[in-house]
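Hello,

Here is the structure for you to look at. My notes come after it.

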Amino acid sequence: MIIDKMEQSLRPVETPMVTYPAKSITMANGQKLVIRQIRRDEVPHILEAVKPLMTVEKDFYDIVASRIYSELLGYYRYRVKDEYCLIGTIDGVIVGIVNGRLVDDKVGMSYHTMTLRQGLRIGAQLFAAKMEYHLDILKQEEVWIVAESPNGFKRWMIEYELESRPEIWHELGGVPTYVLTKALWEKHKGEKLAGRRPVNEILLKTAENPILPETYAQIPGYKRCAK
Amino acid sequence: MDEKMYAYKCTVCGELHHPKHCVCKKCGSRTFEQVLLEGEVTLLTYTKVYNLPEGYMKPYLYFGIVKFENGLTVSGQLEVKNPTIGMKLISKVGIIKEGTNSDHYGFIFEEMK
Amino acid sequence: MREVGIVGVGHTKFGKMSGGTFTDMICMAATEALDDAGVKTLSGQHGIDQVFVATMGAGILNKQSGIASALVDTLNLRPAMAETIENGPASGASAIKLGYMAIASGICDAVLVVGGEMMRVVSGWEGTDFVATMLHPEAEYDYGITLPTLAGMFTRLCMEKYGITEKDLAIVSVKNHENALHNPVAHLNTVPDLYSITEDEDAGIINPYVASPLRLYSVCPVSDGAAAVLLCAMDKAEKFAKRPVKIAGIGQATDTHAVAEREVPTDLLAVRLAAQKAYEMAGLKPEDMDVAELHDAFQILEIVESEEVGFFKRGEGHIAARNGDTKIGGKIPINTSGGLKAKGHPLGATGVSQVVEIVRQLRGEAAGRQVEGAKAGLAVNFGGFGNNVVATILTKEEE
C-alpha cells in the first residue's frame with residue numbers, strides 16, 4: 001500500500017519492543033509446545049486459523065475469536081499502537097493464540113487468550129507466557145486484564161489473585177478491570193510459568209511456517225478445504 | 001468472635017461424638033449433651049486444594065484432619081504456612097463459608113503462638 | 001434363590017454429549033442393550049418386568065425427576081415397573097444389585113438397568129459442588145471440602161504409611177490411558193507421557209496439584225454418558241440372543257459418613273467387606289479373578305482397592321503396579337476399560353459401565369484389550385468417599 005502523508009498520520013508511533021524469546025514446553029503427552037511471537041506480515045495467515053471459530057457460541061469462542069480477529073487486523077493494518085501476538089504450535093500446527101498491547105512503558109493491556117486444541121491446558125501456558133512478556137521481558141510494572149468466560153475468570157482472577165481495580169476502564173469494556181502486578185507475578189509465577197530456552201534449532205524450525213489446523217474439536221464435522 | 005464448636009456427649013455412657021449422631025456409637029442410647037470442643041490438636045493429615053467450590057475466591061486453601069486431646073478426630077480448614085503430619089495446632093472458630101443470609105462457622109486450626 | 005445373568009449390554013461414548021436430553025442419552029444405551037439381547041420393543045412382546053435408572057443428578061442438574069418412568073414410556077416398555085436409584089457414584093452397581101434381587105426373589109424375570117449422568121451441561125464449579133453434596137453437611141460440605149479434598153488427605157496418609165509415591169499414581173494413570181486407547185467408548189484418547197508428567201523440569205506446572213499430593217493426571221475427568229445391562233433369570237435365558245454371563249456374587253457395605261471418623265484412616269473398610277461378601281456368595285477367592293474394574297476416581301483408590309479386595313497385601317499394591325502386574329497380560333489386569341481415569345466417570349453410569357466391561361471381557365468381545373480366557377471378573381463401585389461400596393462378581397458359565 002502507498003504510505004503517503006495521510007496514511008502516515010493514521011499510523012501510531014511504534015515503541016521499540018524487544019521480541020519475545022521463543023521457548024518450548026513439554027506437554028503432558030510428551031509433545032513439545034513452542035511459543036513464539038509472530039511478525040506483522042504473518043497476521044493474514046494466522047487470521048485463517050481464527051476465522052472458523054468466529055461463529056462457535058459454545059465456551060464463548062465466538063466473541064473471543066471475533067475480537068482476536070479484529071485486534072490482529074488492527075495490528076496488521078497499523079492502526080493499534082504497540083500490539084503483539086504470540087502463538088503456540090505443536091508439530092508445527094497452531095494450537096493457541098494470545099495477544100495484547102502496551103499502554104505505556106509501565107502498563108500492559110492484555111487482550112485475549114484462545115486455545116485451538118483443547119485438553120492440554122495450552123491456554124494456561126500461553127496466558128503465563130503473555131504475562132512473562134509484559135513483566136519479565138518488557139519489564140513493565142503491571143498488566144490490566146478482564147475475562148470474558150467463567151473459565152478465564154477462574155484461571156486468572158482467582159488463581160493469580162489478581163487485584164481488583166474497578167476505577168480503571170479496560171479497553172475491552174465489560175466487567176471491572178483486574179490487575180496483575182509485579183508482586184503478584186513474582187508470587188505466582190513459580191507455579192504457573194514453564195518453558196525452556198533456547199529452543200533447539202530443529203524444533204524452532206517446525207514453528208517457522210505455522211500450519212493451520214485441519215479440524216477443530218469445537219466444530220464437529222469441520223474440515224479445512226485446501227485452497 | 002463468640003461462636004463455639006461442640007462435641008456431643010452421650011448422657012448414658014459418656015462417649016464423645018463430633019459431628020452429631022442420632023444414636024450413640026457405643027451404647028445405642030439417644031440423648032446427648034453439648035460439651036465445648038476446643039484446644040490443642042495434632043495434625044493427622046492435610047491437603048492444599050486448588051480447585052475450590054463456588055464462592056471461595058482464593059487460589060487455594062489448606063484442609064486437614066486433626067485429633068483433639070480427648071481422642072475426637074475432626075476435619076477443618078488450616079491456617080498454617082507449612083503443615084506437617086504430627087504438628088501441634090490450636091483450634092479456633094471462624095467463618096468457613098460466606099453465606100447469603102448467614103455465614104457458616106467452623107473449625108480453623110492454626111499454629112500455636 | 002434364582003440365579004441371575006446378564007444377556008445384553010449397551011454403552012454410549014463417554015465424554016461430552018453434543019445435544020440431546022438426559023432421556024435421549026440413556027435411551028441410546030438402553031436400546032443398545034435391548035438390541036444386544038434381541039428384545040423386541042413392542043407392547044406385550046418385550047418381556048421386561050422392571051426398569052431401574054441409576055443416576056445421581058438427573059433430577060438436580062438436568063431437572064428430570066422420575067426419569068425411570070419417563071424411560072419406560074419412551075422405550076415402549078409399558079407397563080413395566082420402574083424406579084430411579086441413587087447411591088452417589090455407586091448408583092450403577094446398586095441398581096444392578098436391586099435388579100438382581102428382583103429376579104432372585106422370583107418377582108421379576110427380566111430387568112433393564114440403565115445408569116447415566118450428564119454433568120457437563122453445568123459449569124465445573126456447579127458440578128464439583130453437586131458431587132460434594134454427598135459429603136457430611138456440617139463436618140465437610142460447609143467447610144468447602146470436596147471429594148478431591150478427601151482424596152488428597154487420604155493419599156497423603158497412604159504415602160506416609162506405605163511409601164506410595166506421586167510417580168506410582170502416575171504409573172497407574174498411564175496404564176489406564178493406554179488401555180483406553182483400545183476402548184471405543186472411552187472419554188479420553190491421549191496418553192500422558194510418564195516422564196513429562198513426573199520428572200520433566202516443567203512437570204510441576206504441566207501436571208499441577210489439584211489437592212496435594214494428588215495432581216491433575218491422577219484425577220478422573222468430568223464426563224457425560226450412559227451404560228445399560230439387561231438382567232434375566234438364568235432359567236429363562238434361552239429366549240435371548242446371547243448366552244448369559246452370570247452374576248455370581250454381590251456384596252455391599254457402608255462406613256462412617258464423615259471421613260474423619262473412620263476407624264483406620266488408611267483403610268477402605270467398606271471395600272474390603274463388600275468384596276468379602278461378594279466372594280463368599282460366589283464361592284470364589286481373589287485369586288480366582290481374571291480381570292477387575294476398580295473404581296479409580298483418584299488413582300490412589302485403584303491402588304488401595306486392589307489391596308482391600310485381596311489381590312495384593314496391604315502396602316504392596318503400588319509395587320504391583322510398578323511391576324506391571326495390573327497391566328493387560330499381567331497377573332491381574334485392572335481397569336482394562338481405561339478405568340474412570342481415561343474411560344470417564346459419569347457418576348450414575350460408572351457402576352453399570354464397569355459391569356459392561358467385565359461382561360465384554362468374559363464374552364471375549366473386548367478387542368484390543370482382551371484378557372485371554374477370562375472366566376471371572378470383579379467390579380468395585382465406590383459411593384461417597386468410601387462410605388457405601390458395592391462389589392459385583394461375574395462368571396462365564398461352561399458351555
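The notes cover chain B, the side of chain C that touches it, and the nonpolar cores.

This is a predicted model, in which local features need pLDDT of at least 70 and side-chain atom pairs count only at pLDDT 80 or more, while totals for chains, interfaces and linings use all residues. Residues are numbered from 1 along each chain as its sequence is written, with chains lettered from A and ligands numbered from 1 in the order in which they are written.

Chain B has zero helices and eight strands (DSSP runs numbered from the N terminus: H or I of at least four residues for helices, E of at least two for strands). Its C-alpha atoms fill a box of roughly 45 × 35 × 25 Å along the principal axes. Of its 113 residues, 29% are buried, meaning that 20 or more other C-beta atoms, placed from the backbone, lie within 10 Å of the residue's own.

Between the chains, 30 residues of chain C are in contact with 26 residues of chain B (C-beta atoms, placed from the backbone, within 7 Å). Helix H4 (124-132), helix H5 (147-162) and strand E5 (209-211) of chain C each supply at least two residues of that side of chain C. H5(C) gives the largest share, seven residues.

The largest nonpolar core (buried Ala, Val, Leu, Ile, Met, Phe, Trp, Tyr and Cys residues joined through C-beta atoms within 7 Å) has 213 residues. Leu71(C), Val113(C), Ala228(C), Val229(C) and Leu230(C) touch the most other members. Helix H1 (residues 22-37) of chain C gives the most to this core, 10 residues. A second, separate core of six residues includes Ala180(C) and Leu188(C).

Regards

Key: Two residues are in contact if their C-beta atoms, placed from the backbone, lie within 7 Å. A residue is buried if 20 or more other C-beta atoms lie within 10 Å of its own, exposed if 12 or fewer, and partly exposed in between; C-beta atoms are placed from the backbone.
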